[in-house]
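Colleague: I would like a close look at one part of this model. Please set it in the chain as a whole, then go through its contacts pair by pair.

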Amino acid sequence: MKKGEDHSIILLLGSQLEVSFLEKFDTELVQYLRSELHNDHIVIRTQIEEIKDEKKLYTSTDIFDYMVKQNPDLKDLKDRLGLDFDY
């Protein structure tokens, strides 16, 4: 979400599906915001923003490799303890 020009709010959504979902309750959301913020000029706009294709972590090896990137000492600990994640 980011502030647009004047009184607009821009919602950054990941897909057209999210836009369709938002459209179901868009009117109620705008009415609520206008009421709570005491501003009758508020407008909500949507913008689809591409989401980077991130690799999903499905296996224990994938999860461990990701954690090693965050903290390389985990690999040393795994080796010292003689652990094996492959089965």
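In what order do the elements of the chain run from the N terminus on? Then please turn to helix H3 (residues 73-81). Which residue does Lys-75 form a salt bridge with, and which residue does Arg-80 form one with?

Modeller: The order is β-β-α-β-α-α, read from the N terminus on. That gives three helices and three strands (DSSP runs: H or I of at least four residues for helices, E of at least two for strands, numbered from the N terminus). The chain is more spread out than a compact globule, because its radius of gyration is 22 Å, well over the 12 Å that the globule rule gives for 87 residues. That radius is taken over C-alpha atoms, and the rule is 2.2 Å times the number of residues to the power 0.38. The C-alpha trace spans about 65 × 25 × 20 Å along its principal axes.

A word on the basis. This is a predicted model, in which local features need pLDDT of at least 70 and side-chain atom pairs count only at pLDDT 80 or more, while totals for chains, interfaces and linings use all residues. Residues are numbered from 1 along each chain as its sequence is written, and side-chain values use heavy atoms, with hydrogens and water left out.

Now helix H3. The structure has three salt bridges (a side-chain nitrogen of Lys or Arg within 4 Å of a carboxyl oxygen of Asp or Glu). Start with Lys-75. Its salt bridge is with Asp-79, and the closest N and O atoms are 3.5 Å apart. Both residues lie in helix H3 (residues 73-81). They are four residues apart, about one turn of the helix.

Next, Arg-80. Its partner is Asp-76, with the closest N and O atoms 3.3 Å apart. Arg-80 and Asp-76 are separated by about one helical turn, because they are four residues apart in helix H3.

Lys-78 also forms a salt bridge with Asp-79. Here the closest N and O atoms are 3.8 Å apart. Lys-75, Lys-78 and Asp-79 are thus linked in a network of salt bridges.

How open are these side chains? The classes are buried (under 20% relative accessible area), exposed (over 50%) and partly exposed (in between), with a 1.4 Å probe and protein chains only. Lys-78 is buried, because its relative accessible area is 18%. Lys-75 is partly exposed at 43%. Asp-79 is partly exposed too, at 45%. In the other pair, Asp-76 is partly exposed at 38%, whereas Arg-80 is exposed at 68%. For the whole chain, buried residues make up 20% of the 87 residues.

Helix H1 (residues 16-37) offers another pair within a helix. The structure holds one aromatic pair (ring centres within 6.5 Å; planes under 30 degrees apart are stacked, over 60 edge-to-face, the rest tilted). Phe-21 and Phe-25 form it, edge-to-face, at 5.5 Å centre to centre and 75 degrees between the planes. These two are four residues apart in helix H1, so about one helical turn separates them. Phe-21 is exposed at 53% relative accessibility, whereas Phe-25 is partly exposed at 34%.

One last view, across the chain. Take contacts (heavy atoms within 4.5 Å) between residues at least 6 apart in sequence. Of these, 52% join residues at least 24 apart.

Methods: Rings of Phe, Tyr and Trp (its six-membered ring) pair if their centres lie within 6.5 Å; planes under 30 degrees apart count as stacked, over 60 as edge-to-face and the rest as tilted.
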